[in-house]
Each structure stands twice: as C-alpha cells, then as structure tokens.
Amino acid sequence: MQPNIFGNDDNWHYIPVLICVLTIITYLFGLWLPESPKYLYFKNRPKADVIKVIKTYQGNDIDINHVLEGYEKERQFTNHHNLTLKEVWQNQILRKSLIMLILVQFASKASISSILEYYETSLLISFGFTQSSVLYLMNIATILNLPLMFLSPFLLEKVGRRPLILIASFGYIILPIIGFV
C-alpha cells in the first residue's frame with residue numbers, strides 16, 4: 001500500500017474501512033469455528049467433544065488415537081517441568097509449537113493493522129499533531145498495552161482462545177467506527 005494512494009488526505013479512510021470489513025469477516029468466521037481441540041483436551045472436556053473438533057479441523061481420516069497420544073505426551077511433559085528453551089527444542093511436539101508461534105509473530109507484522117501503523121505518524125501530523133505529541137501518544141498506547149501483554153497468557157488459559165479472538169475482533173470493528181464518528 002503506497003502512501004500516495006492510502007496515506008493522503010483524500011484516501012486515508014480506506015485503510016480503517018478495509019480493516020473493519022476484514023475484521024467483520026474474521027469475526028463471522030470465528031463464530032463458526034470451534035475451540036482448539038488441544039485446548040479442550042487440556043481443559044479435560046469430554047473426549048467425544050475433543051474427537052469431534054479434531055475431526056472438524058483435521059478430517060475424518062485422521063488417526064484419533066495418535067493425536068490424543070500426542071496431546072497426552074505434551075501434557076505430561078509440560079506439567080512436570082519448568083521447561084528450558086533447549087528442552088522445548090528437543091521435544092518434537094513442542095518444537096513445532098515454538099516454530100508456529102514464531103511464524104505467527106512474523107505474520108502479525110504483515111497484518112493490515114501493522115501496515116496502518118506505518119501511516120499513523122503522518123496521518124496524525126496531517127491532523128495537526130506535532131511530531132513530539134505523536135511520539136507521546138504512541139508511548140501512551142504502548143504503556144496501556146503492557147498490562148494486556150502480561151495478562152494475555154493467563155486470559156488464554158482461563159477464558160479460552162476463541163472468546164478472546166471474538167472479543168478482540170469486535171474491538172477492531174468498533175474502533176474504526178468510533179474513529180469515523
């Protein structure tokens with residue numbers, strides 16, 4: 001996205017609209033998706049529910065016992081250790097999870113909201129903010145995000161991934177609307 005297309009005074013509103021539309025699609029899709037089967041397994045939900053969700057995500061031809069054995073091995077390994085990075089890397093299941101986590105972090109930098117951050121400074125300056133006030137606002141936003149950053153692992157375990165994703169998506173829908181008003 002070029003600043004001369006989406007970062008100018010006439011077209012700035014296309015980025016929040018695009019974020020809002022994509023988030024609504026994600027939100028609607030998220031309502032349809034069930035919770036993660038591993039999360040259900042680790043929360044000791046009924047085995048039939050876990051199997052149903054595994055089949056939803058991986059198909060009917062999947063070896064259910066193999067998947068459940070992997071979940072159980074991961075539960076046993078993670079419940080009885082204070083894991084080091086070396087132990088995580090040596091365990092095949094945990095290594096895959098670590099690699100997925102790293103890939104998700106890289107992918108998040110290519111998201112629409114991250115792209116919007118590149119234009120945030122120029123947009124705020126075009127609305128009359130000074131460079132120092134923009135820096136001040138960005139620092140405040142970062143400080144306000146810190147508690148959520150530290151609370152998020154606990155919230156994931158207590159509330160679940162799906163509800164948190166739906167709540168966050170709802171926020172991404174509402175914030176651009178509020179910004180337009």
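Here are a few friendly notes on this structure, going from the whole chain to some of its parts.

1. **What you are looking at.** This is a predicted model, so please read each point below as a description of that model. The protein chain has 10 helices and zero strands. If you follow the chain from the N terminus, the elements run α-α-α-α-α-α-α-α-α-α.

2. **Inside and outside.** The protein chain has 181 residues, and 19% of them count as buried. About 13100 Å² of the chain is exposed, with carbon and sulfur atoms supplying 66% of that area.

3. **Contacts along the chain.** Take the contacts between residues with a separation of 6 or more: 52% of them join residues 24 or more positions apart.

4. **Helix α4, its length.** A good place to zoom in is α4, which covers residues 47-58 and has 12 residues. From its first C-alpha to its last, α4 reaches 16 Å, close to the 16 Å expected at 1.5 Å a residue. Just after α4 comes G59, which takes a positive phi of about 95 degrees.

5. **Helix α4, its two sides.** Which residues of α4 are buried? They are V50, V53 and I54. Looking down the axis of α4, you will find these buried residues within an arc of 105 degrees, so they line one face of the helix. The face turned away from that buried side carries A48 and K52, which are exposed.

6. **Helix α4, its neighbours.** What do the buried residues of α4 pack against? Their partners are α3, residues 37-42, and α5, residues 64-79.

7. **Leu124 and its contacts.** Further along, L124 sits in helix α8, which spans residues 112-126. Leaving aside residues up to four places away in sequence, L124 touches F129 and V134. L124 and V134 are 10 residues apart along the chain, and their C-alpha atoms are separated by 6.7 Å.

8. **A nonpolar patch on the surface.** F129 appears again here, as one of the residues making a nonpolar surface patch of about 610 Å². The other members of the patch are F127, Y136, L137, I140 and L144.

9. **Ile140, a member of that patch.** I140 belongs to helix α9, residues 131-159. Is I140 buried or exposed? The answer lies in between: I140 is partly exposed, because its relative accessible area is 32%, and partly exposed residues are those that are neither under 20% nor over 50%.

Methods. Residues numbered from 1 in each chain as written. Predicted model: local features only at pLDDT ≥ 70, side-chain atom pairs only at ≥ 80, totals over all residues. Heavy atoms only, no water. Helix = DSSP H or I, 4+ residues; strand = E, 2+ residues; numbered from the N terminus. Expected span 1.5 Å × (residues − 1). Buried < 20%, exposed > 50% of the residue type's maximum accessible area, 1.4 Å probe, protein only. Arc of directions from axis to C-beta. Contact = heavy atoms within 4.5 Å. Patch = residues over 30% accessible without salt bridge, like charges linked within 9 Å, V, L, I, M, F, W, Y side chains within 5 Å. Areas by Shrake-Rupley, 256 points an atom, 1.4 Å probe, with all protein chains shown as cover. Salt bridge = Lys/Arg side-chain N within 4 Å of Asp/Glu carboxyl O.
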